[in-house]
Each structure stands twice: as C-alpha cells, then as structure tokens.
Amino acid sequence: MLASWYDAQGPAADVLHVGELPDPVPGPGEVRVRVTVSGVNPGDTKKRRGWLGSSMSFPRVIPHSDGAGVIDAVGAGVDVHRVGQRVWVYGAQSYRPFGTAAQYTVVPDHQAVPLPDHLSDELGASLGIPGITAHRAVFADGPVDGQLVLVHGVLGGVGSLAAQLAHWAGATVIATVRRTADLDHVDPAVAHAIALDTGEPAAAIRSYAPRGVDRIIEVALSDNADLDNAVAANNAVIAAYATRSDRTEIPFWPLLFNNVTLRLLGSDDFPAEARRQAARDLTSAAAVGALTVAVGDRHPLDDIAKAHDRVDAGGGHGRILVTIPQ
C-alpha cells in the first residue's frame, strides 16, 4: 500500500516519508478500512514534533487518528457483512502505530463507525478527535437541555462541533471569537456570538446569561480563567481541553465559593463507553443535518508535509485533510 510514515521525530519536511509499505491484515475483532480521506489534528503533528518532550511510542508511525473510507476486510469474530460498508474512523493512531495516512488502516471493529450514505467522507474524516472531544466537553457532566453553554473558540475544530452539539441537545449557546471581524463567521442559528476584543466581554456574555452560564467549553484556560470566573453560575462546570500555559493560574477562591467544577479533558484516554456514545451521537446529529464542518485545505498524500505545516501554523478556519489515492 501507499502510505506516509516517520521513523524519527522532527519537522514535517524532514521526517515524513511517502512510499510503499506492506498491506495490513486485520486481527481478531478488527476491520481493515480502505481510506479515502485522512483528517489531520494538532495532536498528530505534536506527536510527530515530540511536543512536551514526548518520544516515539513505536519505531515507525503512520500518522493520523481520523479518517473515512470503506471496510474491505474483517478479522475473526467480526460480522462479514461489514465488508463494503462506508465508515468513519477514530483512534486509529491512539496507542497504535499505524493511522489513517495510508491506503489501508486497521482498527478495532467499534472504531469504524457506519457513515450514512448522504454524508460525505470529508465530514466523516472530521468527526474523530475534534468531535469526540467536543462531545465529552459538552456531555460529560450530564444533559444540557435548557442550560446555558458558553463555548470559547467557536471557530476551531472542537469549539465549532461543541456549539453545534450543545444546540442540537437543547442548550442555549453563547460563543466567543477572538476578534470582532470574526463575528460574521458564527451561525446565529446556533449561537449568540461575542468577540473577546470588545471592552467588556463578561458584560456581553451576561446580557444573554444574567444568572451566569452552566457550562463553559474552554480552549485557552490560561487566557480565560478570570473571564470564566466572572460569568460562571453557581455549580457551573468548566470543561477545558487546552491551555496556553503549562502552569495555568486560576482564581481559586472565587471559583471555590461558586462551587465550580474544573474538568480537564485528554481525548486519548476518555472512557471507552464515552467514546462509543460520542460516536453514536455524532453520527446521529450529522445524519439530521445538525453538524457541519468547514473544510479548509486538502492535500494529496504526496504533500502530507504541507498539511502538517498548515496545522502547525494554526490551520485557519477549516479542517485540514489529506486525500488518499485509490
């Protein structure tokens, strides 16, 4: 099969190779997927770079955890009727060496999720890490029907899906963007948008949530801790999946007296049932048109280094995808 891989960490152009590798064979309980589209996440490029001093988990890595394609072979114990089924894939390179940046990937049966025929491969390849992280951030602490949910960084991959999931589940969503110029990119049918470069973002948020917000989906806890404290309702939950400071400070006593829960989210280690429920809900929401994903750059497998560089540079407003030759 044609694949991309790296045998050492470093800059994308220096370490990513493209060439022929042996076709993988599914083992018991596994399926093999012929990949059409591979999704690139910041986590994929961080592993390749050795972010935070991380080392190579395996001698050779085919990157990317997310993708979409068609099951073409199954291992022992898997229903043979799955052959020919369109699927989206998550966790392909989570604690496993070979991900979706290849013509074939092998994953446990449940990590290849049926993709309804009317949904695109591009959408399917965009649901894995960002979608499951968004789902956990929104629902880990129970239903949000009738609640006020604040989503920071709504134009990002996780933030966009979190806002849409919360809206789908019956919440009133308030969403932030960094700059006033970005307000027009937020769908008003999904969320009330607030720009953080306004003079009083807390007052603007409180105008939609006078008693405070019940849930906060946080992409930059180091930047927003004081703002979150200013708008959190009593017993609110801050679900943080990122920060920009390794030693993040929080206003501890005000949050304590407000009985705020801080939930930290590491997507590779979510409980297995939480990931499976997320996969079911993401597929259901997408099937009824409640989820859309903005696709940014598409790169052929031969240009995978450019895709990684684009993600490392911030990615812009849109999912970065790698198309796999058939």
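Biologist: Where is the place of Ser38?
Modeller: This is a predicted model, in which local features need pLDDT of at least 70, side-chain atom pairs count only at pLDDT 80 or more, and totals for chains, interfaces and linings use all residues. Residues are numbered from 1 along each chain as its sequence is written, and side-chain values use heavy atoms, leaving out hydrogens and water. Strands are DSSP runs of E, at least two residues, and helices are runs of H or I, at least four, both numbered from the N terminus. The place of Ser38 is in strand 3.

Biologist: Is Ser38 buried or exposed?
Modeller: Buried means under 20% relative accessible area, exposed over 50%, and partly exposed in between (1.4 Å probe, protein chains only). Ser38 has 0% relative accessibility, so Ser38 counts as buried.

Biologist: Which residues does Ser38 touch, not counting those up to four places away in sequence?
Modeller: Contact means heavy atoms within 4.5 Å. On that basis Ser38 touches His64, Asp66, Gly67, Thr100, Ala101, Ile320, Leu321, Val322 and Ile324.

Biologist: Asp66 is on that list. Which residue forms a salt bridge with Asp66?
Modeller: A salt bridge is a side-chain nitrogen of Lys or Arg within 4 Å of a carboxyl oxygen of Asp or Glu. Here the closest N and O atoms are 2.9 Å apart. Asp66 is buried, and so is its partner. That partner is Arg319.

Biologist: How many residues apart in sequence are the parts that Arg319 and Asp66 tie together?
Modeller: Arg319 lies in strand 15 (residues 319-323). Asp66 lies in strand 4 (residues 66-74), so the pair ties together parts that are apart in sequence by 253 residues.

Biologist: How many salt bridges does a search of the whole structure find?
Modeller: One of them joins Arg96 and Glu30, at 3.1 Å, N to O. Arg211 and Asp214 form another, with the closest N and O atoms 3.0 Å apart. Searching the whole structure gives 15.

Biologist: Which residues are linked with Asp312 in a network of salt bridges?
Modeller: The network holds Asp312 and two arginines. They are Arg48 and Arg49.

Biologist: What is the angle between the planes of Trp88 and Tyr90?
Modeller: Rings of Phe, Tyr and Trp (its six-membered ring) pair if their centres lie within 6.5 Å; planes under 30 degrees apart count as stacked, over 60 as edge-to-face and the rest as tilted. A search of the whole structure finds 3 aromatic pairs. Trp88 and Tyr90 form a tilted one, 5.9 Å centre to centre. Their planes stand at 45°.

Biologist: Over which ring does the charged end of Lys46 sit?
Modeller: A charge sits over a ring if NZ of Lys or CZ of Arg is within 6 Å of the ring centre and within 35 degrees of the ring normal. For Lys46, the distance to the ring centre is 4.1 Å. The ring belongs to Trp51.

Biologist: Which helix gives the largest share of the nonpolar patch?
Modeller: Patches are made of residues with over 30% relative accessible area and no salt bridge; like charges are joined within 9 Å, nonpolar side chains (Val, Leu, Ile, Met, Phe, Trp, Tyr) within 5 Å. This one is on the surface and includes Ile250, Phe252, Trp253 and Leu256, with about 740 Å² of accessible area for the whole patch (Shrake-Rupley method, 1.4 Å probe; for residues, only the protein chains shown count as cover). Strand 13 (261-264) supplies at least two of its residues. The largest share, 4 residues, comes from helix 8.
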